[in-house]
Amino acid sequence: MLHPFKAVSLSFKKAPLAIRELIALDEAACRRFLHTLHHDLGLQDLLVLSTCNRTEIYYSAERDQSPAIIEALAQMKGLANVAEYFPYFDVLDSYADAVQHLFEVAMGLDAQVVGDLQISNQVKTAYQWSADEDAAGPFLHRLLHTIFFTNKRVQQETSFRDGAASTSYATLELVEELTADIANPRVLVVGLGEIGADVCRHFSDSKAFNEVTLCNRTRAKADALALECGLQVLEFENLVQGLKDADVVISSIAHDSPFFTREMVERLDVLNFKFFIDLSVPRSIEAEVEQVPGVLVYNIDTIQSKASAALEQRLAAIPHVRAIIADSIAGLQDWTKEMMVSPTIQKLKNALEQIRQEEMDRFQKKMSPEEAKRMDEVTRSLMQKILKQPVLQLKAACKRGEADQLIDVLTDLFDLESQTTPA
């Protein structure tokens, strides 16, 4: 076995939103859970990742600890009847499966929106929490830094992250294009359907927009989303003034007939260009609105066409991404195998150093300080030359999966069982 690395995963693939909401952890909860797993269950190489689409725990342990992890998670969330939630989890109890899965999650291959860039930032944040808790061992440090390097390669060498592959993100990109020549553009989002709410979250992550306002018939819903995203709220009664002030109006209103009519928009007395983006099905902006001078209308088909083109480009890049991941995992495996023989190498160094020191002690009294210094340099150099070949042979044997025999030979030859490896 390369390393006892494992994972427990609950994601959108098996768990509906209602279940994911119950299990999800915020930052404070993630940090508390890390502490619990590290100190109460004694788990190492811990990573706790929780997003709107997944809650996953990565860890190192000789035996499968998934039942204890799920029970601890349910207890933290105050959930009764833990067995009810077990079917929603995937258990990855082998090194190969757990490592492959984390790579695919971090690269965005396993995301709802293929190539999602946000997930790689979420993995970095989770890693920071693990480091803060002192729950990341040498293996996890190496794994995560390999993942970060792989992510850079994917970004630089493929088109996997190009374009907006989700409807909500494509909306943000369209607004960026439309307002490229407008200083400090004002955006008004009316109605908070599922896509509209996602668009608001993307706006909150963007540094290009400082004046984004929400307007909804139900004020409480607008207040909650505005608080989450750090955006402004407009009273529904003041909608007309908000429409006059806005450069871009995004409609996500659920209604059987168009809410924005040509007559309503004509009364706005548009002086400069005003952009309306309709994310609703059925449409919430009347088709005739575009006949109003200075008004341009974009509907959901335009947005989804933009997203579909980007998605096709990303899907075409997947084989290249997988090849880069495979290359990175191969390098990680070589390092992991070498880590298995590092205690033997250290013991061998200790054994030779002990012999060198004993011989130096025997002859040092008969030498001048200058001679002793030169003898120290010579013997150190000689020891390094003696060590070189066994170390190279051990590392080569690791890559062939044949290190055990050589370790036994060296252990017997130099009595390495009596050596201790410094912590």
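Helices here are DSSP runs of H or I, at least four residues in length, numbered from the N terminus. The model is predicted.

**Exercise 1. Place the salt bridge of Arg 31 and Glu 27 in its helix, and state how exposed each partner is.**

Step 1. Check the contact. The closest N and O atoms of Arg 31 and Glu 27 are 3.2 Å apart. A salt bridge needs a side-chain nitrogen of Lys or Arg within 4 Å of a carboxyl oxygen of Asp or Glu. The pair therefore counts as a salt bridge.

Step 2. Find the element. Both residues belong to helix α2 (residues 27-40). They are four residues apart, so about one helical turn separates them.

Step 3. Read the exposure. Arg 31 has 31% relative accessibility and counts as partly exposed. Glu 27 is also partly exposed, at 41%.

**Exercise 2. Compare that pair with the salt bridge of Asp 110 and Arg 54: which parts of the chain are linked, and are the partners buried or exposed?**

Step 1. Take the distance. The side chains of Asp 110 and Arg 54 meet at 3.0 Å, N to O.

Step 2. Locate the ends. This pair links distant parts of the chain, with the two positions 56 residues apart in numbering. Asp 110 sits in the loop between α4 (95-107) and α5 (118-132). Arg 54 sits in strand β3 (residues 54-60).

Step 3. Read the exposure. Asp 110 and Arg 54 are both buried.

**Exercise 3. Analyse the salt bridge of Arg 380 and Asp 376, then find which residues are joined into one network by shared partners.**

Step 1. Take the distance. Arg 380 and Asp 376 meet through their side chains at 3.1 Å, N to O.

Step 2. Find the element. Helix α13 (residues 369-400) holds both residues. They are four residues apart, about one turn of the helix.

Step 3. Read the exposure. Arg 380 is partly exposed at 41% relative accessibility. Asp 376 is partly exposed too, with a relative accessible area of 22%.

Step 4. Follow shared partners. Salt bridges join Lys 13, Arg 54, Glu 56 and Asp 110 into one network.

Step 5. Set the total. The whole structure has 20 salt bridges.

**Exercise 4. Describe the patch of negative charge on the surface and explain how Asp 415 meets the exposure cut-off.**

Step 1. List the members. Asp 404, Asp 408, Asp 412, Asp 415 and Glu 417 gather in the patch.

Step 2. Locate Asp 415. This residue lies in the segment after α14 (403-413).

Step 3. Apply the cut-off. Patch residues need over 30% relative accessible area. Asp 415 has 47%, so it passes, and it is classed as partly exposed.

Step 4. Weigh the confidence. In the protein chain, mean pLDDT is lowest in α14, at 72. It is highest in strand β4 (residues 89-92), at 96. The chain as a whole has a mean pLDDT of 87, with 97% of its residues at 70 or more.

**Exercise 5. Two aspartates have a positive phi: where do Asp 45 and Asp 134 lie, and is each buried or exposed?**

Step 1. Recall the background. Most residues other than glycine have a negative phi.

Step 2. Take Asp 45. Its phi is about 50°. Asp 45 is placed in strand β2 (residues 44-50). It is buried, with a relative accessible area of 5%.

Step 3. Take Asp 134. Its phi is about 60°. Asp 134 is placed in the loop between α5 and α6 (138-157). It is exposed, with a relative accessible area of 60%.

**Exercise 6. For Glu 176, Val 190 and Val 321, set separation in sequence beside separation in space.**

Step 1. Take Glu 176. It lies in helix α7 (residues 167-178) and is partly exposed at 33%. Glu 176 and Ala 208 are 32 residues apart in sequence and 7.8 Å apart, C-alpha to C-alpha.

Step 2. Take Val 190. It lies in strand β5 (residues 186-190) and is buried at 1%. Val 190 and Ile 253 are 63 residues apart along the chain, with 6.7 Å between their C-alpha atoms.

Step 3. Take Val 321. It lies in helix α12 (residues 300-364) and is buried at 0%. Val 321 and His 35 are 286 residues apart in sequence and 34 Å apart in space, C-alpha to C-alpha.

Conventions:
Residues are numbered from 1 along each chain as its sequence is written. This is a predicted model: local features need pLDDT of at least 70, side-chain atom pairs count only at pLDDT 80 or more; totals for chains, interfaces and linings use all residues. Side-chain values use heavy atoms; hydrogens and water are left out. Patches are made of residues with over 30% relative accessible area and no salt bridge: like charges are joined within 9 Å, nonpolar side chains (Val, Leu, Ile, Met, Phe, Trp, Tyr) within 5 Å. Accessible areas come from the Shrake-Rupley method with a 1.4 Å probe; for residues, only the protein chains shown count as cover. Lys and Arg count as positive and Asp and Glu as negative; His and the chain ends are not counted. The place of a charge is taken as NZ of Lys, CZ of Arg, CG of Asp or CD of Glu. Buried means under 20% relative accessible area, exposed over 50%, partly exposed in between (1.4 Å probe, protein chains only). pLDDT is the predictor's confidence in each residue, from 0 to 100.
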